[in-house]
Amino acid sequence: MTSTIPTPPPEQRRKLIEVSIPLEKINEQSAREKSLRSGHPSTLHQWWSRKPTATARAVLFAQIVDDPVSRPDLFPTVEEQDAEREELFRIIENISNWDTVKSDPEGWFDKARARIMLYTDGNPPAVADPFAGGGSIPLEAQRLGLEAHASDVNPVAVLLEKALIEIPPKFTGQPPVHPGAAELLKGQDADTWPGATGLAEDVSWYGEWMLEEAKKHIGHLYPEVDLDGGTTAPAIAWLWVRTVTCPNPACGIAAPLTSSWWVSKKKGHEAYVVPTVANSTVSYEVHHGREGGPDKKSDGTVNGRTGATCIACGSSISMQYIRSEGMNHRLGQEMIAVVAAGHRQRIYVSPTPPQIESAAINRPSNLPSGTISENPRWFSPPQYGIENYSDLFTNRQATTLTTLCSLLESVSEKVNNDSPSGYGIEYASAITTYLAIAISKLTNTCAMTTTWMTDRGAFRETFSRQALPMSWDFAESNPLGNQGASFLENLSKSAAAITTLPLGTGTADKINSIEAPLTGTVISTDPPYYDYIGYSDLSDFYYVWLRHALRNTYPSLFNQTLSPKSTELVADPYRHHGKQEAKEFFEHGFTSFFSRARHQSNEAYPTSVYYAFKQQDSKTKEGSSSTGWETVLEGIIRSGWQITATWPMRTESSGRILARGTNAIASTIALVLRPRPENAPNTTRRDFLRELKTSLPEALRDLQRGAVAPVDLPQSAIGPGIGLFSKYSSVLEADGHKMSVRSALQVINEILDEVLSEQEGDYDADTRFALSWFRSYGFGTEVYGSADSLARARNTSVEHLHRAGILHSGQGKVRLYSPEELHQLDEESDTIYDPSTDNEVSAWETVVHLAKTLEYGDGVEATGRLLARVQDSIDRDLCKQLAFLLFQISEQRGEAKTALLFNQLGTAWNDIARVARDTPDYDRQGSMSSNDTLF
């Protein structure tokens with residue numbers, strides 16, 4: 001059947017992302033990515049603040065497809081529009097799941113691509129990300145069947161982008177070429193190597209060949225560990241401490257600098273190091289067990305930032321002295337323990353002369369050059385005389401890394417010789433690119449900034465945070481072994497990641513964002529976060545090794561000693577000689593880019609921009625503010641954009657956020673933008689406030705009805721508010737000055753609080769009483785008189801509320817029943833709460849019992865069955881709003897555990913309501929069939 005309703009013009013169609021998205025489901029999958037290891041693109045190589053792929057593909061899909069209401073030609077009725085929106089939500093929820101990426105028997109990605117073709121009239125747009133960084137956005141555009149264009153000014157980022165979206169499609173469906181591949185292909189058809197699996201197989205094979213060649217040259221540098229009984233075991237790690245000459249002239253030992261003498265705190269496998277001084281020489285011995293180990297007072301020698309203590313004479317060693325000795329290159333290092341691989345455990349032994357001698361080798365001459373930034377915010381090694389990136393590696397580490405890099409040329413020749421005619425040179429470059437990336441990633445756990453986690457018996461990477469730290473004790477890995485932190489482990493992860501990469505049209509180029517080609521594209525991008533991360537300075541740690549390995553393969557990428565700095569869009573006061581200068585540089589670059597993007601992007605689609613939001617960067621007379629956040633919003637609005645939606649994209653569960661007391665802070669805000677008309681009018685503050693008070697309540701109800709968790713509501717509500725603010729060319733204050741973004745945000749938040757409070761007027765008398773009492777006392781106990789006065793004012797009574805099971809009244813005291821207490825009462829009385837038998841159920845009673853069942857019952861299914869039994873007189877939308885309101889009040893009261901309960905309920909509400917609708921034994925009279933089993 002063909003609809004006679006005309007198709008709206010593309011530029012007038014609202015996209016799904018501008019209306020509603022299943023935010024909590026997206027956030028759940030984004031948070032889950034932190035624990036993914038096998039096959040995920042992030043395991044190819046590290047990048048700072050990489051956007052979760054679940055977030056990237058969900059946002060892109062919702063950015064491309066129309067909201068069904070905008071397509072009456074396809075979905076004429078409200079029922080059809082609602083059904084289609086639910087289907088779009090299901091698609092998003094499933095394609096956000098990494099399990100669907102690995103295996104998609106139900107064809108969710110086919111459904112997603114089909115919807116994209118439907119909503120784009122068979123002509124899907126290209127996607128551009130001019131700040132592509134780790135490449136998540138263009139990668140997921142490609143996975144959705146869209147042409148992807150990535151660009152960045154940082155060569156390390158561009159190389160990773162090429163490895164993700166540009167190289168694999170060139171070798172789609174190609175079988176491996178390595179010796180022995182022919183045997184693998186016997187009796188198999190051409191479809192045996194789908195996608196880039198053949199490429200992944202060759203990366204793995206040639207990488208293992210290279211590793212075996214390296215062992216022939218330098219395998220003796222990594223001897224096995226002698227154990228008791230004459231047996232040996234492979235070495236996993238060598239643990240070291242830095243040393244400084246004791247300043248006491250009467251002592252003068254090489255005083256160890258360590259934060260802890262413990263090397264293992266795992267229960268049942270405790271081990272620690274005991275230093276001994278004899279004849280001015282320090283030796284180290286490993287002891288086992290917890291008894292006799294160092295306590296907090298005796299553990300380690302470094303006293304925070306103040307200095308250290310000599311283990312021989314007890315003299316204080318100031319941090320100033322340590323820095324001075326470091327600047328004069330007089331810091332040493334001593335091996336204190338060796339870690340061997342036992343049967344499903346780590347074995348800690350004392351260092352022996354052969355182990356010490358194996359590391360005592362000369363420094364290689366062909367090390368990469370590059371000076372470490374002296375910016376103290378992100379780099380501490382230069383303060384101790386470690387000035388070059390090559391200084392961050394022991395002689396043994398440096399020898400291993402240069403050996404692996406030098407073998408890439410042999411790999412290239414071998415691949416070229418093994419490949420079919422006319423195929424080898426480009427394919428050899430592809431293989432060596434992935435192997436060089438694996439070597440580069442190895443440096444993250446093969447440097448003197450890698451430390452040992454005593455609780456896990458594993459390596460802590462150099463970049464466990466977004467800075468290059470100074471470490472007093474460090475762990476040297478065995479890169480030629482087959483345990484953690486080895487080249488083989490990186491190789492395995494690289495090959496697995498390649499097999500999951502999508503294959504389509506994609507390009508990655510080293511281009512400044514101001515020059516990146518954007519015409520006719522849909523823009524989705526993750527620009528630098530003001531001054532949060534020094535991408536180029538940090539990436540130089542990897543750049544020097546990638547340049548060492550691939551300079552001839554990618555001459556235009558690696559044509560400088562270090563990565564470009566001058567054009568990087570970061571507000572770095574150190575680089576720009578002051579905070580104000582840095583702010584002006586960022587604002588100018590940010591505004592220039594977005595002004596250009598406004599005129600070149602595809603007008604039929606909104607632009608999405610991610611920003612890593614920090615709730616408080618500074619304190620002002622007006623209150624807390626976030627300098628970067630405000631600067632970004634000001635730059636976007638000043639560039640001629642209107643913000644049509646804001647979505648908080650979390651990479652942690654709401655439970656963890658609440659537990660930390662930071663439940664109002666999202667990891668990232670996704671901003672949705674549309675070009676503001678050139679002739680957009682001005683408005684006054686008074687009219688802006690009037691319009692805001694009129695439009696925000698309905699927008700808030702829409703968000704509450706959608707799939708937004710209570711914890712995300714404040715940031716989501718910024719969207720409609722700042723969208724209204726940004727649709728005007730300016731909002732004029734009473735004195736004629738333009739209203740600032742800071743003032744607009746403060747006004748939006750104030751009115752949001754007002755709207756949430758005004759929602760209380762929609763509730764029944766019992767609920768209004770409970771809300772007022774809860775706001776003042778929570779679930780605490782207070783005197784009867786206060787409750788009686790409040791109840792009379794709400795046209796109810798304490799006695800009625802007691803009979804209704806909302807509160808307990810006795811001995812002159814009153815308290816509301818909490819979900820936890822209701823659960824305890826149910827267990828004590830062995831009764832089942834059945835709202836279908838009560839004709840006076842309040843919204844409060846409904847919500848608190850639902851929260852109880854969700855937390856202490858059988859989850860969503862049981863909670864949905866309970867909701868199904870609530871009388872039809874109860875407005876379920878109001879109940880959902882109440883869950884949001886109770887979360888807000890709990891948060892304001894600082895009661896994280898209670899806030900978590902109601903956040904869980906608000907988050908799961910749509911699923912609970914779906915179960916209620918699908919409950920077969922429920923009828924409108926509240927009757928229950930004989931086979932219905934309550935929880």
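**Exercise 1. Find the charge that sits over the ring of W108, and then the ring under R290.**

Solution. The criterion is that NZ of Lys or CZ of Arg lies within 6 Å of the ring centre and within 35 degrees of the ring normal. Applied to W108, it gives K111, whose charged end sits over the ring at 3.9 Å from the centre. Applied to R290, it gives W262, with R290 over the face of the ring at 5.4 Å from the ring centre.

The model is predicted, so local features need pLDDT of at least 70 and side-chain atom pairs count only at pLDDT 80 or more, while totals for chains, interfaces and linings use all residues. Residues are numbered from 1 along each chain as its sequence is written, and side-chain values use heavy atoms, with hydrogens and water left out.

**Exercise 2. Describe the salt bridge of R290 and the setting of both partners.**

Solution. A salt bridge requires a side-chain nitrogen of Lys or Arg within 4 Å of a carboxyl oxygen of Asp or Glu. R290 meets E270 in such a bridge, at 3.6 Å from N to O. Since E270 lies in the loop between β7 (262-264) and β8 (271-278) and R290 in the loop between β9 (281-288) and β10 (302-303), the pair ties together parts that are 20 residues apart in sequence; helices (H or I, at least four residues) and strands (E, at least two) are DSSP runs, numbered from the N terminus. For accessibility, buried means under 20% relative accessible area, exposed over 50%, and partly exposed in between, with a 1.4 Å probe and protein chains only. E270 is buried at 10%, whereas R290 is partly exposed at 47%.

**Exercise 3. Place the bridge between R71 and D121 within its network.**

Solution. The closest N and O atoms of R71 and D121 are 3.8 Å apart. R71 belongs to the loop between α2 (53-64) and α3 (78-95), and D121 to the loop between α5 (108-119) and β1 (127-129), 50 residues apart. R71 is buried, with a relative accessible area of 2%. Through shared partners, salt bridges join R13, K15, D66, R71, D73 and D121 into one network, and the whole structure holds 40 salt bridges.

**Exercise 4. Classify the ring pair of Y348 and W452.**

Solution. Rings of Phe, Tyr and Trp (its six-membered ring) pair if their centres lie within 6.5 Å, and planes under 30 degrees apart count as stacked, over 60 as edge-to-face and the rest as tilted. Here the centres are 6.5 Å apart and the planes stand at 75 degrees, so the pair is edge-to-face. Y348 lies in strand β14 (residues 346-349) and W452 in strand β15 (residues 451-453), 104 residues apart in sequence.
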